[in-house]
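Please open the structure in your viewer and keep the selection panel at hand. The stops below are meant to be followed in order.

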Amino acid sequence: MLEQEKSVYDILEKLTISFKRYEHVAVFTVEEIRNLDIAIPGGHTKNLFLRNRKGDKHFFVIISEDKDVDLKRLSRLIDSTPLSFGSPERLNKYLKVYPGAVGAFGLINDAANHGLLF
């Protein structure tokens, strides 16, 4: 088990939050996870790690799996310069995860609070 994965379980246990672990290959799209035919109960989302043009602000966006994201519109709504996806290197630097494994629990790994905006 990876150290990052263990830290998530440790925090959930410390907070007495029950959980069930599901394991699957890394996925990059909603379609890919649907093709795995895994029955995970609850709401399903897509998670986006974005950056502004200068790369000095990062955003973690969680949206329902059935919604589309218009990055131009989103940048206007949050009063940002144009948005793009953060590189795998940035993703690993701030959240200690890689593309295909982006999830809200990755925020636990940003202990230094690098200023990710939500």
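The tour passes along two helices, the residues that follow them, and a surface patch. The model is a predicted one.

**Stop 1: helix α1**

Select residues 3-14, which form helix α1. With twelve residues at 1.5 Å a residue, the helix should span 16 Å, and its end C-alpha atoms are indeed 16 Å apart, so expectation and model agree. Next, highlight Val 8, Tyr 9 and Leu 12, the buried residues of α1. Looking down the axis of α1, one finds these buried residues within an arc of 95 degrees, and they therefore line one face of the helix. Now turn to the other side of α1, where Glu 3 and Lys 14 are exposed.

**Stop 2: Thr 16**

Continue past α1 to Thr 16, a residue of the loop between α1 and α2. What is the sign of phi at Thr 16? Phi is positive at Thr 16, about 50 degrees, although the residue is not a glycine. The relative accessibility of Thr 16 is 72%, and because exposed means over 50%, Thr 16 counts as exposed.

**Stop 3: the nonpolar surface patch**

Select Tyr 22, Val 25, Leu 36 and Ile 38 together and display their surface. These residues make a nonpolar surface patch of about 300 Å². Within this selection, centre the view on Ile 38, which is found in the loop between α2 (30-35) and β1. Ile 38 has a relative accessibility of 31% and so counts as partly exposed, a class that lies between the 20% limit for buried and the 50% limit for exposed.

**Stop 4: helix α4**

Move to residues 88-95, helix α4, and highlight its buried residues, Leu 91, Tyr 94 and Leu 95. Viewed along the axis of α4, the buried residues fall within an arc of 80 degrees, so they line one face of this helix. Which strands do the buried residues of α4 pack against? To see the answer, add 45-51 and 58-64 to the selection: the buried residues of α4 pack against β1 and β2, respectively the strands at those positions.

**Stop 5: Lys 96**

Finally, step to Lys 96, just after α4, in the segment that follows this helix. Phi of Lys 96 is positive, near 60 degrees, in a residue other than glycine. Is Lys 96 buried, partly exposed or exposed? Lys 96 is partly exposed, its relative accessible area being 36%.

Key: Residues numbered from 1 in each chain as written. Predicted model: local features only at pLDDT ≥ 70, side-chain atom pairs only at ≥ 80, totals over all residues. Heavy atoms only, no water. Helix = DSSP H or I, 4+ residues; strand = E, 2+ residues; numbered from the N terminus. Expected span 1.5 Å × (residues − 1). Buried < 20%, exposed > 50% of the residue type's maximum accessible area, 1.4 Å probe, protein only. Arc of directions from axis to C-beta. Contact = heavy atoms within 4.5 Å. Patch = residues over 30% accessible without salt bridge, like charges linked within 9 Å, V, L, I, M, F, W, Y side chains within 5 Å. Areas by Shrake-Rupley, 256 points an atom, 1.4 Å probe, with all protein chains shown as cover. Salt bridge = Lys/Arg side-chain N within 4 Å of Asp/Glu carboxyl O.
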